[in-house]
Amino acid sequence: RLYQHRRRISLLVCPEPVLLFANRIDIRQVLPHRSEYTLLLNNLENAIALDFHHSEELVFWSDVTLDRIMRASLNGSNVEEVVSTGLESPGGLAIDWIHNKLYWTDSGTSRIEVANLDGTQRKVLLWQRMEKPRAIALHPMEGKIYWTDWGNMPCIEYANMDGTNRKIIADTHLFWPNGLTIDYASHRIYWVDAKHHVIERADLDGKNRKAVISLPHPFAITVFEDSLYWTDWHTKSINSANKFTGKNQEVIRNKLHFPMDIHTLHPQRQPAGGRNRCGSNNGGCSHLCLPSNKTYTCACPTGFVKWKMCLDKFLLFTRRTDIRRISFDNEDKLDDVIPLADIRNAVALDWDSSERYIYWTDVTTDSINRAKWDGSKQEVVVDTSLESPAGLAIDWLTHKLYWTDAGTDRIEVSNTDGSMRTVLIWENLDRPRDIVVDPIGGFMYWTDWGANPKIERAGMDASNRTVIISTNLTWPNGLAIDYSTERLYWADASIKTIEYGNFDGSGRQVLIGSQLPHPFGLTLHEDRIYWTDWQSKSIQSADKLTGLDRRTLAENLENLMDIHMFHHHRTKVQTPCSVNNGGCSHLCLLAPAPKASSCACPTGINLQADGKTCTHAMNSFLVFARRTDIRMISLDIPYFNTIAIGVDAVEGKVYWSDSTLKKISRANINGSEYEDIISAGLMTTDGLAVDSVGRKIYWTDTGTNRIEVANLNGSMRKVLVWQNLDSPRAIALFHEMGYMYWTDWGEHAKLERSSMDGSDRVVLINNNLGWPNGLAVDRAGSQLLWADAHTERIEASDLNGSNRRTLVSPVQHPYGLTLLGPHMYWTDWQSRSIHRADKDTGANTITVRSNLPGLMDIQAVDRASSLGFNKCGRRNGGCSHLCLPRHNVTSCACPTGILLKSDGRSCDNLPETFLLFSNRVSVRRISLDTNDHTDVYVPVPELHNVISLDYDSVERKLYYTDVSLDVIRRVNLDGSNMETVISQGLKTTDGLAVDWVARNMYWTDTGRNTIEVAHLDGTSRKVLVNNSLDEPRAIAVFPSKG
C-alpha cells in the first residue's frame, strides 16, 4: 500500500515525458517507453517546425505550404493563425516560455523574427549575413538564441535574444545542420547534420565539440534526461540513444508518414525557475521587451521607430499577392508585409496620408480596394465594370480616386469611397496603363501602350486633352511627377530607359539608359527616384537629377509591381472645390487654370444647364444583358446566363431570365432587392416583356413552347398560348391596343399577334423570315420593327403586318432590339457591339459600345414619358385574379388550370379535377378542367426524392414519402403548413394510400418488407403485415368496402 502510495506521488510530481512530433499532415504524440501513439492535430498541409508552451498548454507549428505559423491548445482545440503574412519558408520555430515570445527562422526571406505569442508586435531580429537559417533553440535563462544556417557557408551561431552580440560557434565540417536542441541541465547543445549523417554536441560556446552517433538522414533532435530522441527521413522513424555514449539505440516508432520536428513535452524542458528580465510591467517598454544577456532591451515592431507611435515615411510596393513597406525612419530598411486579406494580383497603388489609407487595384478580382496603412479597415471600394485596372492615382486635395482600365479602355474617377463614379475618357484609348495626377496644376497624365504608344495629359476634368510624348516609346510603364522641378518621369520596359521631360512633353532627357532589364513602377521623393524591376527582381534608386549614385534597396523579390513613397508632406493648397464643393451638386473636379474646376455627374446622370447641378436620376437609358451580367451604362449585377430582360418603368426594376438557373428574377437598377419571382417550370425563357401599365410580366419559353403571364411578383401565373408554337423568341406588348406580338423561329418562322389574354391570335408575317430575334413596337409611329439574324436585316411593317420594308441591311447577327426617342438600338453577337440607327429610315448607323462579348437582350427605358392609361386600373377590372387587356376591352382570367366561373370575373383557388404526380425533386399538378394540360409546380419545400403520394380531398392536403430523408410528410397544395408525420423507422417507402373515411394512412416499406398503418397525423402506428413480403410496392385502399 505504502509503495503504491509513493509511486502515485512520484507520478504526480514527474509526469511521463511525451514526444511531440510533426508528421507533415498531422501532429502526433508518442510515449517513448510504451510506444503509445495518439493524434493531436490532423488535416494539416505541411507541418514542419514545432514547439510548445507547457504552462500555457499551447502547441505552435509552422506550415511551409500555407506559409503560416499556427497554434492550438495541447488538447487539439482552438486552432488559430498566429503569423499569416510575409513568410516564405518558416523552417524553424522556438518558444521563450519565460518572456512569452515566439521566435522563428525563414530560409526564404533569410531572416530570424520575433513576435508575441499571438503574432502581434512582430520584429525582424536578424537579417544580415543570413542565408538559409533552419533550426532554432532558445536559452531564455541565459537570454540566448541559437540557430543553424545551411547556406553556402554552413554554420551554427548564437546571439542575445534581442539580436545583439552575435557569434559563430561552429563553421567547420558542417553541410546540412538540420536539428538543434539545448540540454539545459548539462549546458550543452546537440545538433544533427543530415549530409554527414551524424549527431554532434558541444558546450554552449562551441568548445569541446564531439560526434555522438552516426545515422542515415537525421532531421530534428530533442533531449530528455539521459536520452537523445531524433526523427530520421530515410527510416521514417523516431529513434533514441544514450546522450553520453550514443549507445542503447532504439526505434521508438517507425512507418511514419514523414517525421519532421520533435520535442519532449515535459515541464523539465521548460524550467520555471528562470528570471523574467522584463518583470511584471514589460520592462517599462511600450512594445517589445526582449531579454538580453543579463538585462533586457526595449524594441519596436519592424517599421516603427523608437519613441514614435507611427511611421512617418515608408516605401510602399505591391508584389501581386501582398503589399509591403520599407520604413525610412530606421536604419535597417527591412521590408515588412502589411497584413491584408485575399490579395490575388495587386498591380497599381497609391496612398492618402490625411486619412492614412493605402489604395490598390487587383486585376484578378477586378477591384479597387483600400485599407489603413497598418492593414486595418480593409474594404472594397469599386468592384463592378472593371476588367484590367492597371493604373491608380489619388487626388489628395479633393479626395478623388482616378484609375485606368486597359480592358474597358476607360479612365474613370470617383470619390475615395467609390461613390459618384463617372467615366472621364473613353475615346481613343488603346491600352491605358499608369496614371498620375497633379492637383496643384489641375492636370492628369497617363501612359498608353497600345498600337501607338504615347503619354497623354488632360485636365483632371478630362478637358484640354493632348498627346505630349508619342515618339521613341514602346512599353511606357510607370509615371511619376516631380512637383518641385515640375517634371514628368517615365519608365519604358522595352527601350529599357527612365526618362523625364517638362509637363508639356518638351525638354525630354534620358535619365538612366543602362542596366534596366524591365522597369515597371516609378516614384520620386525628395532628391531620389525609386523604381521596381521585374527582371532583376529588385527595388532600386538613383539621384533624380543625374541618374547617378544608384543603390539597391531590396532584391530577390518576385512579381514586383507599383511603388510609392508614403509621407506626410504632400503640398496642401486651397482649391475651388474646397468651398461648398465648388457649388457642385455631385462631383467637383479640378481643372487647369483659368477654369480651375468643373462640376461632373455620376455616370448616366446629366448635368443641368447651370453647369453645377445633376438631375436626380436617369430618365432615359439602355439596359442590356450579357450572358454573365446586366449593364446599364455601368450598372453591373453579376449573374450566370442572362438572356432576356425587361424593365418596369414605374418602379425602375429590371427583370431578367436566366437559362442556366432556369429562373426569372428582378432587382432594382442599383442591384439591390434582388429576388427570384419564377423559379419552377421554366426551360429556355428567350423573350420577356414587362407591362409597366398593367403591372404584369409576359414571357416566351422555347423549351416548353409556351407564352405565359404573371403578376410582377410571379403570382397568378397563367399559360396564354401553348398550341402551334415551335420556338417562340422575342415578345413585345402594346398595352393601349391590348395586343402582344411575338416572333417564332421554328421550322416555319413567323411573326404573330394576339390579344394580351391569348385570344384573337393571328399570323402577321410568315415569309422571308429566318431567325427573327429582336422585336419592338413603335407606339408613336404605329409600326412594328424586327431584327433577323439569318436574313441579316432589320425590317419594319405597320401593326397588322402590311407595308413591310427593310431599314438596315446587312447586319451581322442582330439579337436584341429596342426603341428610344427617334432611334432604334440593337445588340449584335458577331460584332459584340450595341448599334444605333434612325428608327424610321435606318440611316445614321453608329456603334454605341463595342467589345461586349455575350450580348443578349436590350431594353431602352424612358422614365420621363407618360405610360398611358391602365385599362385594369379600377378595382382590377372587377376580376378576382388576373385582369388582362384585349383590343378595346379587358378580360378576367384565372391562373393556369383553373376555370373562370360563370360570372366571368371570379376563380377558385384550385381546379375541380386534377392529376398529381411526382418526379423525385418536384410535385406537380395537371388540371383536367382546361384544355392546355399544363403541369403546374406545387410549391413544396425541401423535396429530395419523392416516390409515392396521395391526396386527402377532405382537408385538401397532399401526403408524400421522401426516401432520401426517410420521412412521410403532408402539406397544403399552396406549399404552406408542411409537417413531418412519420420520421422514424422508415427505409424505402415506395407506396402510400390515404383512407379518407377513417382518416388513416397506409404505406409499404420495401426496405423493411412491411405494410404499416397510422392515423393521418402519424400517431397510433401499427405494423399490419411483415411476413411473406418480398418487395411490397404500390398500395391502394377501398374504404367503402373495407
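1. The UniProt record, in an unreviewed entry, lists "domain: EGF-like" for residues 277-311, 576-615 and 871-908. The structure discussed here is a predicted model, and the points below should be read accordingly.

2. Two of these annotated spans may be described in terms of secondary structure. Residues 576-615 are 0% helix and 20% strand, and residues 871-908 are 0% helix and 21% strand. The end C-alpha atoms are 22 Å apart in the span 576-615; in the span 871-908 they lie 24 Å apart.

3. An open sheet of four strands runs in the order β4-β5-β6-β7, with antiparallel pairing. Its edge strands, each paired on one side only, are β4 (47-53) and β7 (80-83). From one strand to the next, the twist of this sheet averages 30°.

4. Within that sheet, strand β6 (residues 68-73) is joined to β7 by three bridges, and the two run antiparallel. For a reader wishing to locate the pairing in the model, Met 70 stands opposite Glu 81 in β7. In general, the strands of a sheet pair through backbone hydrogen bonds, in either a parallel or an antiparallel sense.

5. Another open sheet of four strands has the order β34-β35-β36-β37, again with antiparallel pairing. Here the edge strands are β34 (391-395) and β37 (422-425), each of which pairs on one side only. The twist in this sheet averages 25° from one strand to the next.

6. Strand β36 (residues 410-415) pairs with β37 over three bridges in the antiparallel sense. The residue that stands opposite Glu 412 is Val 423, in β37.

7. The internal space of the model also deserves comment. A search of the whole structure finds five cavities of 30 Å³ or more. The largest cavity holds about 190 Å³ of space, and the second largest holds about 100 Å³.

8. Nineteen residues line the largest cavity, and those nearest its centre are Asp 51, Leu 138, Tyr 184, His 263 and Arg 269. Two or more lining residues come from each of β4, β8 (92-96), β12 (133-139), β16 (177-183), β20 (218-224) and β24 (262-265). Strand β4 is also an edge strand of the sheet in point 3. By class, the lining of the largest cavity comprises 13 nonpolar, four polar and two charged residues.

9. The second largest cavity is lined by 14 residues, with Ala 135, Ile 136, Leu 180, Asp 261 and His 263 nearest its centre. At least two residues of this lining are supplied by each of β8, β12, β16, β20 and β24. Seven of the lining residues are nonpolar, five are polar and two are charged. His 263 is thus named among the residues nearest the centre of the largest cavity and among those nearest the centre of the second largest.

10. A final point concerns Ser 679, which is found in the loop between β59 (675-678) and β60 (687-691). Is this residue buried or exposed? Ser 679 counts as exposed because its relative accessibility is 52%, and the exposed class begins over 50%. Measuring from C-alpha to C-alpha in the model, Ser 679 and Trp 656 are 12 Å apart in space, while 23 residues separate them in sequence.

Terms used. Residues numbered from 1 in each chain as written. Predicted model: local features only at pLDDT ≥ 70, side-chain atom pairs only at ≥ 80, totals over all residues. Heavy atoms only, no water. Pairing = 2+ DSSP bridges. Axes fitted to C-alpha atoms, helices over the stretch in contact; angles between N-to-C directions. 1 Å grid on protein atoms, 1.4 Å probe; cavity = no way out; pocket = protein on both sides within 12 Å on 5 of 7 lines; lining within 4 Å. Points joined across faces, edges and corners; volume = space filled by probe spheres on them. Nonpolar A, V, L, I, M, F, W, Y, C, P; charged D, E, K, R; others polar. UniProt positions renumbered as here; feature names shortened; annotations may be inferred. Buried < 20%, exposed > 50% of the residue type's maximum accessible area, 1.4 Å probe, protein only.
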